[in-house]
Amino acid sequence: MSITPAAPAAPTAVGSGPDRPRVLFIGGLGRSGTTVVERVLGEVPGVCSAGELVHLWHRAVLSDERCGCGRPFSRCPFWQAVGTRAFGGWDRALAERMETLRARVDRTRFIPRLALRGGRGRAGKDLDEYVGVYRRLYRAIAEESGAAVVIDSSKHSSLAFCLRTDPGIDLRVVHAVRDSRGVAYSWTKEVRRPESAAGTDLMTRYSPVRSALLWLGHNASLALLGRLGTPTRLLRYEDFVADPARSVRELAVFAGRPGPQPLDFLDAHAVTLGASHTVAGNPMRFTVGEVTLRRDDAWRTALPRGQRRLTTLLTLPLLAAYGYLHRSAR
Ligand SMILES: [Zn+2]
């Protein structure tokens with residue numbers, strides 16, 4: 001099968017339905033607040049947050065890491081029902097196949113090929129197979145949860161470039177961005193992965209130079225996705241925590257859930273979170289109860305001056321484009 005044309009720019013042009021799952025994909029570099037954005041949006045009626053599904057195959061199906069509800073993946077009733085509905089049950093062979101296909105089609109370095117629809121021959125077949133499995137997965141999540149919108153917070157833009165090739169997926173992308181200096185500081189800190197076997201593994205750490213370059217690359221490719229016609233909405237983490245209700249309302253409309261949405265789980269600076277069945281992601285996905293939404297500005301004092309200046313310099317054009325150099329945004 002050849003690669004199919006791009007999805008139309010207007011989110012409602014083709015329509016959604018049980019056969020055409022609507023996916024709100026949260027893209028952005030890690031440590032940009034994507035987990036908290038996903039958790040808050042997941043409280044909106046008719047929206048189901050599923051976590052970072054790109055990691056489902058390895059971390060959940062093959063490694064049986066814990067779901068956001070606290071149970072091991074293999075003992076979470078929600079995910080077992082989804083697996084049965086989508087694939088007749090979870091299967092190690094399918095997960096291994098998806099990891100193989102991911103290496104062949106879903107990599108940052110393949111974005112130019114994906115953007116140009118250059119995938120012909122075997123690459124095109126692999127892409128169709130890979131995306132077809134996601135379509136079945138999203139459909140099963142929507143049916144099992146009863147939600148009209150499934151959030152996939154995989155973050156990696158390469159997966160969004162793959163998904164947009166399938167007109168059977170109603171894809172809408174939230175491009176999450178955070179000040180590159182805040183992101184750089186966050187990547188230097190030690191964060192435990194509580195879902196790892198011993199609960200003591202640490203999340204990856206990057207130097208400020210590495211995170212600055214990744215920040216540029218992720219944001220440039222997400223911007224390209226929008227220019228190619230995929231419905232995309234920019235969300236600054238700082239704006240989200242300053243007025244979460246406003247952001248949630250705007251994103252609910254973008255996701256095709258026009259208001260008025262009851263946002264009783266949200267007040268000016270706090271959210272009350274219920275348990276969620278999210279696979280993979282930041283440890284915050286396990287948090288239940290009231291959470292304060294507060295801008296994390298620790299980098300202003302904790303990021304060494306030299307690293308801060310270097311990060312500013314490396315990311316300057318996009319920092320300016322996103323308004324981070326305006327005095328009011330600091
Ligand atoms: Zn669960």
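Start by selecting helix α11, residues 244-254, in this predicted model. Colour Pro244, Ser247, Val248, Leu251, Ala252 and Phe254: these are the buried ones. Now look down the axis of α11: the buried residues sit within an arc of 155°, so they line one face of the helix. If you like the reasoning behind that pattern, an α-helix has 3.6 residues a turn, so residues three or four places apart point the same way.

Spin round to the other side of α11 and pick out Arg246 and Val253, which are exposed.

What do the buried residues of α11 pack against? Show β1 (22-27), α1 (34-41), β4 (170-177), β5 (232-236), α10 (237-242) and β6 (266-267), and you have the set of elements they touch. Before leaving, step just past the helix to glycine 256, where phi is positive, near 85°.

Next stop: the sheet. Hide the helices and you should be looking at five strands in an open sheet, ordered β2-β3-β1-β4-β5, with parallel pairing. Which strands stand at the edges? Those are β2 (47-49) and β5; each has a single partner strand, so one side of each is left without a neighbour in the sheet. From one strand to the next, the twist averages 25°.

Zoom in on the β4 and β5 pair, which runs in the parallel sense over five bridges. Click histidine 175 and then leucine 234 in β5: they are bridge partners.

Bring the helices back, beginning with α6 (residues 121-145). Helix α6 lies across β1, β2 and β3 (149-155), and its direction makes an angle of about 135° with β3. Then select α9, residues 208-227, which lies across β1, β3, β4 and β5. Against β4, helix α9 runs at about 145°.

Last, the cysteines. How many disulfides does the structure hold? The count is zero. Take cysteine 48 as a case: the nearest cysteine sulfur belongs to cysteine 67 and is 9.9 Å away, whereas a disulfide would need the two sulfur atoms within 2.5 Å.

While you have cysteine 48 selected, is its side buried or exposed territory? Its relative accessibility is 11%, so cysteine 48 counts as buried. Move on to cysteine 69, which at 22% relative accessibility counts as partly exposed. The cut-off for buried is under 20%, so cysteine 48 at 11% falls below that limit, while cysteine 69 at 22% does not.

Definitions and conventions. Residues numbered from 1 in each chain as written. Predicted model: local features only at pLDDT ≥ 70, side-chain atom pairs only at ≥ 80, totals over all residues. Heavy atoms only, no water. Buried < 20%, exposed > 50% of the residue type's maximum accessible area, 1.4 Å probe, protein only. Helix = DSSP H or I, 4+ residues; strand = E, 2+ residues; numbered from the N terminus. Arc of directions from axis to C-beta. Contact = heavy atoms within 4.5 Å. Pairing = 2+ DSSP bridges. Axes fitted to C-alpha atoms, helices over the stretch in contact; angles between N-to-C directions.
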